[in-house]
Number of protein chains: 2
Amino acid sequence: METKKIPDIVVARLPRYLQVLQHMKQEKLVTTNSKVLGDRLGISAAQIRKDLSQFGEFGKQGTGYSVDFLINTLRVILNVTDAWKIVVVGAGDLGHALAHYQGFTNRGFQVSMVFDNDPRLIGKQIGAFTVQDTADLIDKVRAAEIHVAMLTVPASAAQKVAEELVKAGVTAILSYAPIVLNLPHNIQVQYIDPILQLQHMTYYLE
Amino acid sequence: METKKIPDIVVARLPRYLQVLQHMKQEKLVTTNSKVLGDRLGISAAQIRKDLSQFGEFGKQGTGYSVDFLINTLRVILNVTDAWKIVVVGAGDLGHALAHYQGFTNRGFQVSMVFDNDPRLIGKQIGAFTVQDTADLIDKVRAAEIHVAMLTVPASAAQKVAEELVKAGVTAILSYAPIVLNLPHNIQVQYIDPILQLQHMTYYLE
DNA sequence: CAAGATTTGTGAATATTATAGCAATAAATT
DNA sequence: AATTTATTGCTATAATATTCACAAATCTTG
């Protein structure tokens with residue numbers, strides 16, 4: 001093992017490995033190997049071994065990998081051993097969907113607060129959460145020490161809200177707004193825009 | 001210009017270029033250049049020029065690119081000059097959000113049908129759509145000649161529904177289910193799983 | 001317990017992707 | 001109209017990423 005700078009493209013694959021391993025665990029598989037993992041992911045076995053070898057030696061020759069051990073290892077590497085609190089800003093359909101989604105807990109996250117600036121939504125209940133006024137966002141998010149946010153406001157509001165989140169101490173933002181956010185370099189930003197992925201596919205259609 | 005095989009990684013960037021160009025058009029910008037585009041996208045100017053040059057010569061030395069012309073060109077390349085009809089399967093919160101979303105039309109898509117297998121949802125109205133029974137999916141999607149689908153059913157149902165979509169003639173699927181689908185090679189598949197992106201970011205957090 | 005079958009981790013070889021740099025061209029300026 | 005400035009498209013180069021292939025380690029089988 002060599003602890004140099006790990007390429008980001010490798011880091012990006014680790015969550016997928018973890019996802020498949022957690023499915024394997026549900027299927028009661030106790031051990032696996034790079035060939036099987038690769039087949040499930042559409043990735044070569046060599047790549048999986050190389051990626052993992054960046055972080056240590058987790059397998060055993062002749063046998064492969066312990067599913068449980070590799071899950072735990074990847075959770076440590078990806079920093080999701082505990083659940084990160086998440087703030088959702090934007091209580092529209094998408095915010096609703098995220099606030100209701102049951103899949104976060106066993107993958108390292110938990111929605112903790114939901115905000116919106118629409119008076120018709122403020123105070124309303126969404127599952128376990130009461131929609132709070134975005135005007136109070138900075139104070140409340142800072143007080144709760146939340147560092148991860150999901151942004152589901154309209155594109156026109158996204159930049160402003162993102163800046164408020166940063167002021168509140170958030171350092172990782174997953175934005176569903178179809179615009180490029182302009183934020184300090186130390187802030188992690190990822191985007192979800194289904195249309196980008198649809199257009200990627202239509203390129204290959206007749 | 002050389003029409004060899006275009007690398008997929010280049011194709012994946014084109015929708016982002018188109019997105020930014022459409023914003024520029026809204027801002028009434030008439031021309032732009034690789035430097036400005038690159039700054040907005042966090043990509044080098046050379047890369048943008050190189051990517052575009054794979055498809056032809058669209059710029060003018062000393063001036064840059066016409067925003068309108070480049071938008072039209074990218075729409076042709078990405079095959080989104082007309083609007084693709086989309087079927088949404090799964091009428092939960094996420095399906096609702098997608099059915100209501102106003103952003104598809106001017107980017108090459110239009111939701112046309114919504115399905116679910118839950119008797120409590122079938123027949124219900126979601127915006128302009130009546131939720132239809134998944135039992136009728138194959139016939140109705142085939143009859144409507146829909147080739148693009150968004151899958152928002154629970155993970156446990158996703159593989160089965162995806163196979164039905166393929167039988168119905170769908171060749172591009174955007175899946176929100178957090179599992180890897182197993183489908184014929186000629187089917188385009190893309191995934192949206194916010195947790196993968198959250199975990200990618202937490203790797204870099206303290 | 002020896003022989004054969006597996007499977008890892010990794011250095012070396014290949015392949016792919018990104019960047020640098022510049023001739024060519026167009027526009028702006030004097 | 002000559003000079004300067006801006007910007008493309010593209011070739012050459014550099015940087016990254018992937019795959020190959022094999023010694024070493026472990027398990028399986030007779």
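**Entry 1: the surface near DNA strand D**

I began with the surface near DNA strand D and found that H3(A) supplies its largest share, four residues. I note at the outset that this is a predicted model. I then listed the elements that each give at least two residues to that surface: in chain A they are helix H1 (8-26) and helix H3 (45-53), and in chain B they are helix H3 (45-53), strand E2 (59-60) and strand E3 (64-66). Altogether 27 residues surround DNA strand D, and I recorded Ser44(A), Gln47(A), Ser34(B), Gly59(B) and Tyr65(B) as the closest. Of the atoms of DNA strand D that come within 4 Å of the protein, 67% belong to sugar and phosphate. Sorting the surrounding residues by class, I obtained 13 polar, eight charged and six nonpolar.

**Entry 2: polar contacts to DNA strand D**

I next looked up individual side-chain contacts. In chain B, an N or O atom in the side chain of Ser34(B), which is also among the closest residues, lies 2.7 Å from a phosphate oxygen of DNA strand D, and a polar side-chain atom of Glu57(B) lies 3.1 Å from a phosphate oxygen of that strand. In chain A, I found a polar side-chain atom of Gln61(A) at 3.2 Å from a sugar or linking oxygen of DNA strand D.

**Entry 3: the sheet of chain B**

I traced an open sheet of six strands in chain B, with parallel pairing and the order E8-E5-E4-E9-E10-E11. Strand E8 (132-133) and strand E11 (188-191) are its edges, and because each has a single partner strand, one side of each has no neighbour in the sheet. At the E11(B) edge I followed the pairing with strand E10 (residues 172-175), which is parallel and runs over four bridges; within it, Ile173(B) has Val189(B) as its bridge partner.

**Entry 4: aromatic pairs**

I counted eight aromatic pairs over all chains. One of them joins Tyr101(A) and Phe104(A), edge-to-face, at 5.2 Å centre to centre and 90° between the planes. In chain B, the ring centres of Tyr101(B) and Phe104(B) lie 5.2 Å apart with the planes at 90°, and since planes over 60 degrees apart count as edge-to-face, I classed this pair accordingly.

I then asked whether the members of these pairs are buried or exposed. Tyr101(A) is partly exposed, at 34% relative accessible area, whereas Phe104(A) is buried, at 2%. For chain B I noted 34% for Tyr101(B), which is partly exposed, and 2% for Phe104(B), which is buried.

Finally, I found a cluster that draws on both chains, in which ring pairs link Phe55(A), Tyr203(B) and Tyr204(B).

How values were computed
Residues are numbered from 1 along each chain as its sequence is written. Chains are lettered from A and ligands numbered from 1 in the order in which they are written. This is a predicted model: local features need pLDDT of at least 70, side-chain atom pairs count only at pLDDT 80 or more; totals for chains, interfaces and linings use all residues. Side-chain values use heavy atoms; hydrogens and water are left out. Two strands pair if DSSP finds at least two bridges between them. A residue is near a molecule or strand if one of its heavy atoms lies within 4 Å of it. A polar contact is a pair of N or O atoms within 3.5 Å; within protein, one must be able to donate a hydrogen and the other to accept it, and residues adjacent in sequence count only if both atoms are side-chain atoms. Ala, Val, Leu, Ile, Met, Phe, Trp, Tyr, Cys and Pro count as nonpolar, Asp, Glu, Lys and Arg as charged, and the others, Gly among them, as polar. Rings of Phe, Tyr and Trp (its six-membered ring) pair if their centres lie within 6.5 Å; planes under 30 degrees apart count as stacked, over 60 as edge-to-face and the rest as tilted. Buried means under 20% relative accessible area, exposed over 50%, partly exposed in between (1.4 Å probe, protein chains only).
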